[in-house]
Amino acid sequence: MKVLFVASEGVPFSKTGGLADVVGALPKALAALGHEIGVFLPRYRGTMAGRGLARLASVTLPFPSALKFATVEDGGESNGVHAYLFNSPQYFDRDGLYQAHGQDYPDNAQRFAAFCLGALEFLKRSGSPPDIIHCHDWQSALVPIYLWSLYREDPFFEKARVIFTIHNLGYQGLFPPSMLAAMALPTSLFTMDGIEYYGQGNLLKGGILYSDFISTVSRKYAEEIQTKEYGCGLEGVLVSRKARLQGILNGVDYDEWNPATDKLLPANYTPSDLKGKETCKVDLLKRMGARNPQAGRPVIGIVSRFATQKGFDLIAEITEPLMAAEVYVAALGTGEPQYEELFRQMAARYPDKFLVKVAYDNTLAHLIEAGADMFLMPSRYEPCGLNQIYSLKYGTPPVVRATGGLDDTIQDFAGQTGTGFKFSEYSAEALIGAIERAIEAYRRPNIWRKIIKNGMSKDFSWPQSARQYAAIYEQLAKGGAAGRGLAAGHVPE
Ligand code: ADP
Ligand code: GLC
């Protein structure tokens with residue numbers, strides 16, 4: 001089957017979070033199943049910086065006020081997956097992917113409108129229609145929205161089906177109605193049954209309504225988002241499409257994330273020989289600037305976007321009991337200024353224990369996975385979460401809140417079974433309780449080794465999830481005309 005992924009970030013070209021890891025790895029796993037997979041991404045300032053790339057096509061973007069023009073460049077082929085880079089310097093040659101100085105770019109909706117039009121026009125230029133267009137999050141939601149509206153009569157796309165994967169319901173791509181026309185969207189879409197949402201345009205809502213199938217990145221999150229607590233205001237829309245909604249757990253790419261082969265570590269290790277992990281811990285404490293490092297003290301690792309989603313306000317509430325517990329915290333992250341400030345303040349207050357780097361640093365992210373003893377993710381909500389799965393492989397038992405993919409991937413340790421420590425209630429008491437249980441287990445070496453081994457033996461590689469996506473592609477392709485645009489409020493399901 002011919003499939004084009006359309007996404008706003010993907011390894012190795014661009015990354016701010018787990019979406020990029022998924023877009024880097026899932027296509028490879030699908031190509032290995034025999035599908036013809038392309039990946040369409042924006043070319044940002046940092047993408048293949050300084051390299052001249054072969055131009056594959058020039059595309060015309062049919063904006064109503066004036067036509068705009070962009071090029072699509074060849075990102076090369078790797079593991080059977082062809083990458084296409086949408087080059088529009090006006091929109092994408094900027095320092096950040098989505099924001100600067102903590103503020104979203106005000107023209108984000110137009111930027112990704114250009115990107116989505118570019119994807120559709122590029123497909124047309126290529127001459128052969130895809131069977132499936134696989135879109136991800138609000139930035140590519142305009143693909144199904146345009147197919148439903150602007151391109152509705154285009155015979156080229158008659159057989160193409162769209163699957164839309166929600167990686168995070170918290171980011172919806174809101175824009176003022178005054179921008180509709182500039183984005184080449186008809187006002188008829190701006191209704192409660194369409195993309196209108198409390199007076200604004202909502203691209204994620206359109207992605208959910210106008211795609212042929214919707215998936216999200218864990219089974220539990222697929223259930224949660226149909227409730228008021230987790231639905232971010234879109235629970236009603238999701239419930240109306242639940243017959244076409246499925247949770248498929250993300251896999252991880254063990255070519256990138258495996259302590260036995262990881263080239264970014266000072267030493268490698270395996271479940272049967274963990275010596276290299278001790279070397280990584282020593283190196284981590286040094287790199288994070290620990291004075292008089294104490295190897296016997298457990299290190300609690302954090303690698304994260306600093307966002308409200310991730311639950312770090314709870315950490316502020318447990319600082320005192322946590323620091324009384326003789327542990328190190330080794331935290332790496334960037335994001336919302338208030339959390340960056342919070343971590344900086346903790347580091348200033350407890351310089352011997354709270355080790356913080358406010359930065360984006362892939363090598364250090366790998367070193368924390370390997371050198372920490374346990375890994376902390378107290379998320380308010382977590383669609384899937386990848387770091388806890390990496391942590392299992394790196395022998396770094398996770399302490400997580402039982403939500404979304406964290407709940408689906410981690411089993412609480414009890415008796416001899418389990419891979420980490422879970423708490424349910426979003427509260428400081430529940431969090432410190434789980435951390436204390438983890439520290440207690442860490443002090444009992446036989447038990448701790450057992451938990452490490454349980455986690456390291458888990459397999460979350462992509463093929464199984466890729467097969468689930470492939471099954472949906474096939475079902476959609478077989479669905480004929482009935483599969484397309486079955487939007488709630490338009491055609492009953
Ligand atoms: P999310 O996508 O919500 O940010 P995930 O757990 O799915 O959460 O994925 C986060 C990914 O981003 C992981 O690969 C993680 O290592 C990486 N990451 C997050 N913050 C940083 C950082 N400051 N430096 C390096 N890598 C980071
Ligand atoms: C999102 C989610 C995260 C998920 C990632 C990849 O950014 O916050 O939980 O793992 O996408 O699907």
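Biologist: At roughly what angle do the axes of helix 15 and helix 16 cross?

Modeller: In this predicted model, helix 15 spans residues 428-442 and helix 16 residues 445-456. Helices are DSSP runs of H or I, at least four residues, numbered from the N terminus. Axes are lines fitted to C-alpha atoms over the stretch in contact, with angles from 0 to 180 degrees between N-to-C directions. The two axes come within 7 Å and cross at roughly 115 degrees.

Biologist: Is helix 15 roughly parallel or roughly perpendicular to helix 16?

Modeller: Angles of 65 to 115 degrees count as roughly perpendicular, those under 35 as roughly parallel. The crossing is roughly 115 degrees. That makes the pair roughly perpendicular.

Biologist: Which residues of helix 16 does helix 15 meet?

Modeller: Contact means heavy atoms within 4.5 Å. From helix 15 come Ala438, Ala441 and Tyr442. Their partners in helix 16 are Pro445, Ile447, Trp448 and Ile451.

Biologist: What is the distance from Glu382 to an oxygen atom of ligand 2?

Modeller: A polar contact here is a pair of N or O atoms within 3.5 Å. A side-chain N or O atom of His167 is 2.6 Å from a ligand 2 oxygen. For a polar side-chain atom of Glu382, the distance is 2.5 Å.

Biologist: How many residues surround ligand 2?

Modeller: The shell takes residues with a heavy atom within 4 Å. His167, Asn250, Glu382, Cys384 and Gly385 are the closest. The full count is 14.

Biologist: Which conventions apply?

Modeller: Residues are numbered from 1 along each chain as its sequence is written, chains are lettered from A and ligands numbered from 1 in written order. Local features need pLDDT of at least 70, side-chain atom pairs 80 or more, totals for chains, interfaces and linings use all residues, and side-chain values use heavy atoms, without hydrogens and water.

Note on methods:
Helices (H or I, at least four residues) and strands (E, at least two) are DSSP runs, numbered from the N terminus. Angles under 35 degrees count as roughly parallel, over 145 as roughly antiparallel, 65 to 115 as roughly perpendicular and the rest as oblique. A polar contact is a pair of N or O atoms within 3.5 Å; within protein, one must be able to donate a hydrogen and the other to accept it, and residues adjacent in sequence count only if both atoms are side-chain atoms.
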